[in-house]
Amino acid sequence: MIGEGLQSTNQRKHSFVQDRVEVGFFTDPSVCIGCKACEVACKEWNQVPDDGFMWSGNSYDNTGHLGASTWRHVMFLEQDRAKGNQIAGPMSLDQDPFRWVFLSDVCKHCEEAGCLEACPTGSIVRTEVGSVLVQNDVCNGCGYCVVSCPFGVIDRRPAPLPDSGGAFKCTFCYDRQKSGLVPACAKVCPTESIVFGRLDDLRARGAERVQQLQQSGYNDAQLYDPTETSVRGIHAFFLILGEPEAYGLPPKPQIPTIYLKSAWTSAFATAIASIIATLLAFAFFS
Amino acid sequence: MTTNSPSEKRLEELREQAWKEGVVAGRGVDVAGGPIPSKPGYYGQPVVKPPVWTWEVPLYFFFGGIAGMSAVIASGALIFHHVDLAREAMWLAAISGGILSPILLIMDLGRPHLFLNMLRVFKHRSAMSMGAWILSAFGACAVPGLIALELHTHQIFPGTLDQLLRLAAGTFIFGSAIFGTLLATYTGVLIGATTIPAWFLHRTLLPIHFGTAGLGSAAAVLELLGYRIAALNFLGFYAAAVESALLIWLSVDKHGVADRAIHEHGSGWLIRIGEVLNGPLALILRFFGLVPLAAISFLIGALVSRFGWIAVGKVSGSDPESVFAAERY
């Protein structure tokens, strides 16, 4: 058996949807082995089309970034830092420090979601378990969610791929969860780098893991969960080694609705100024 | 030993390049900087997604601005008894706002046949939803307003019915003016309230720019259609003066790396060319009485800068350093 085996929340059946319990993903790169089983499981279960095959030259990452047809993405970071207190072999004693970090990225399912607020069709909704879901039969492909996501997750699928024109992202395997099944990526993860479960349980587990790692010498281990910004926390949060920027994660993500007030104020002022200018023009130059 | 066959030539070229530059670039080859990649963020990948919008959207911004502000000019003309100008302006408003704008907006959708889904919900926190409703309300006012005005001016119906038409024309045209001002300005809110750094950092400037460019463009089109009157000339001066002030604002209110897409690259040139054409150049031409040239300069500038702002969004959204800088700002 791997990990906690059948005791693990990743392998048990559950009734979170029926019980309306907030769920989440906790993704921990310190135990990720970079196998990409999550990427494959996600593509296969959700029947996501391929988005081209090419060599990126970026370590073992030929996926690139999250998008309309990439809902899980394993990152491969090459950093010139030591990996905790690990004992290096004699060969590496005289070499520069180096560590190879893997992290499986996914839609963050924000507490305050930019895509959900932006959607003009009501296609994007909040589910019973707190995740953010795109109802694809409703989406008309306006593309506004794409520029409203602070994490660059959701994207419009280009032609000629199947179902092109609509916006797509991780569904948190809502279909599986409704039947009491665990999301495909968590189910297949061999090291439980991806853990699925109740959000409050996972947050406690994450905090504990950070402490554990710091005691083992990973001084730069921290949780990535922006609860202090207008996003107000994420349902799929991460443990990261080092700075969020290195993972392409925004250090202070904001939901764009916070900019509405100043923008609309300016719009109304312009509207009034234009009316006054027009009336003045006709009043004095007729 | 070298031969003249193309494949051997290619190998020679590669050898030359390797010798000269120390590295041969190509897809899947990333040796710049040695074993640890040094690109910003995660291998230089975008942090937020650049907009997927194509040419239809800036063109819609342009025609929507003309349409909305034409209705304002029509209302002003109606109040001060310039009925011919009001009719011409309402034709402009109805054609660009009632026909061209919806067509462009629907063409831009990934699934155009589902465009009616825009009216499933009313979300005041989504500028896209508000825009769909504003455009619908504008069309629903401008088209009947134009029809009523035309029926009234041609005295098609007698007596009381004609009086009713006059009342309807006034109501619908004033209604279209109110929604028109929003139609011309909301587009600035639309791109200002996003996660694209160069856009949200200028969310106060954008509605002023789009709205005023719309007003100046509407006046310019009417002037080119032959209405060389002092009132439109004044509006031309006003719009060009505001745009000149915005050009200064943009060059003073710089945010360094965070909004460099406005000041660098091709996108920066589009903004600059657009703003010079509809700002200082239009102002100078108008000052010397070259009204048609000023009108043409303003129209081209307004169009170019709309394309410029979408180009800025694409550059800025693809630039991880801009996103990081804007968040630390």
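**Two chains, two helices and three buried residues**

Hi everyone, let me start with one residue: B:Ile196 counts as buried because it has 30 C-beta neighbours inside 10 Å. Before I go on, please keep in mind that this is a predicted model.

So where does B:Ile196 sit? You'll find B:Ile196 in the loop between helix 5 and helix 6 of chain B, with helix 6 spanning 197-200. If we set aside residues up to four places away in sequence, B:Ile196 touches B:Val48, B:Gly313, B:Ser316 and B:Gly317, and also A:Val147 from the other chain. There is a long-range pairing here as well: B:Phe324 is 128 residues away from B:Ile196 in sequence, yet their C-alpha atoms are 11 Å apart in space.

Let me step back to chain B as a whole. It has 12 helices and zero strands, and reading from the N terminus every element is an α. How many of its 329 residues are buried, as a percentage? The value is 53% of the residues of chain B. On overall dimensions, the radius of gyration of chain B is 25 Å, whereas a compact globule of 329 residues would come out near 20 Å. Along the principal axes, the C-alpha atoms of chain B fill a box of roughly 100 × 50 × 50 Å. And if you take contacts in chain B with a separation of 6 or more, 75% of them link residues 24 or more positions apart.

Now the domains of chain B. The assignment gives domain 1 as 51-193 and domain 2 as 228-329, and the C-alpha centres of those two domains of chain B lie 25 Å apart. Where they meet, seven residues of domain 1 of chain B are in contact with nine residues of domain 2 of chain B. Helix 2 of chain B provides the largest share of the domain 1 side, four residues. That side of domain 1 of chain B has seven nonpolar residues, with no polar and no charged ones.

Staying inside chain B for a moment, have a look at B:Ala94 in helix 3, residues 83-108. Why does B:Ala94 count as buried? Because B:Ala94 has 25 C-beta neighbours inside 10 Å. Leaving out neighbours within four places in sequence, the contacts of B:Ala94 are B:Ala142, B:Val143 and B:Leu146. B:Gly145 is 51 residues from B:Ala94 in sequence, and 8.9 Å away from C-alpha to C-alpha.

Over to chain A. Its domain 1 covers 5-83 + 92-253, and its domain 2 covers 255-286. The C-alpha centres of these two domains of chain A are separated by 42 Å. Their contact takes seven residues from domain 1 of chain A and four from domain 2 of chain A. On the domain 1 side of chain A, the split is two nonpolar, three polar and two charged.

Next, how the chains meet. 70 residues of chain B are in contact with 62 residues of chain A. Several helices of chain B supply at least two residues each to that side, including helix 4 (127-153), helix 7 (205-224) and helix 12 (320-328). Which helix gives the most? That would be helix 5 of chain B, with seven residues. By class, the side of chain B that touches chain A has 42 nonpolar, 18 polar and 10 charged residues.

One helix pair between the chains is worth a closer look. Two packed helices are described by the angle between their axes and the distance between the axes. For helix 7 of chain A (residues 260-284) and helix 8 of chain B (residues 230-252), the axes come within 8 Å and cross at roughly 140°. The crossing of helix 7 of chain A and helix 8 of chain B is right-handed. From helix 7 of chain A come A:Ala277, A:Thr278, A:Ala281 and A:Phe282, meeting B:Ala231, B:Phe234, B:Leu235 and B:Tyr238 of helix 8 of chain B. That contact divides into seven nonpolar, one polar and no charged residues.

I'll finish with A:Pro250, in the loop between strand 10 (236-241) and helix 7 of chain A. A:Pro250 counts as buried, since 25 C-beta neighbours lie inside 10 Å. Not counting residues up to four places away in sequence, A:Pro250 touches A:Pro150 and A:Phe151, along with B:Val47, B:Val323 and B:Glu327 from chain B. The C-alpha atoms of A:Pro250 and A:His65 are separated by 14 Å, with their positions 185 residues apart along the chain.

Thanks for listening!

Technical notes
Residues numbered from 1 in each chain as written. Chains lettered and ligands numbered in written order. Predicted model: local features only at pLDDT ≥ 70, side-chain atom pairs only at ≥ 80, totals over all residues. Domains from an automatic or database assignment. Contact = placed C-beta atoms within 7 Å. Nonpolar A, V, L, I, M, F, W, Y, C, P; charged D, E, K, R; others polar. Rg over C-alpha atoms; globule rule 2.2 N^0.38 Å. Buried ≥ 20, exposed ≤ 12 C-beta atoms within 10 Å, placed from the backbone. Axes fitted to C-alpha atoms, helices over the stretch in contact; angles between N-to-C directions. Left-handed = near helix turned anticlockwise from the far one by under 90°.
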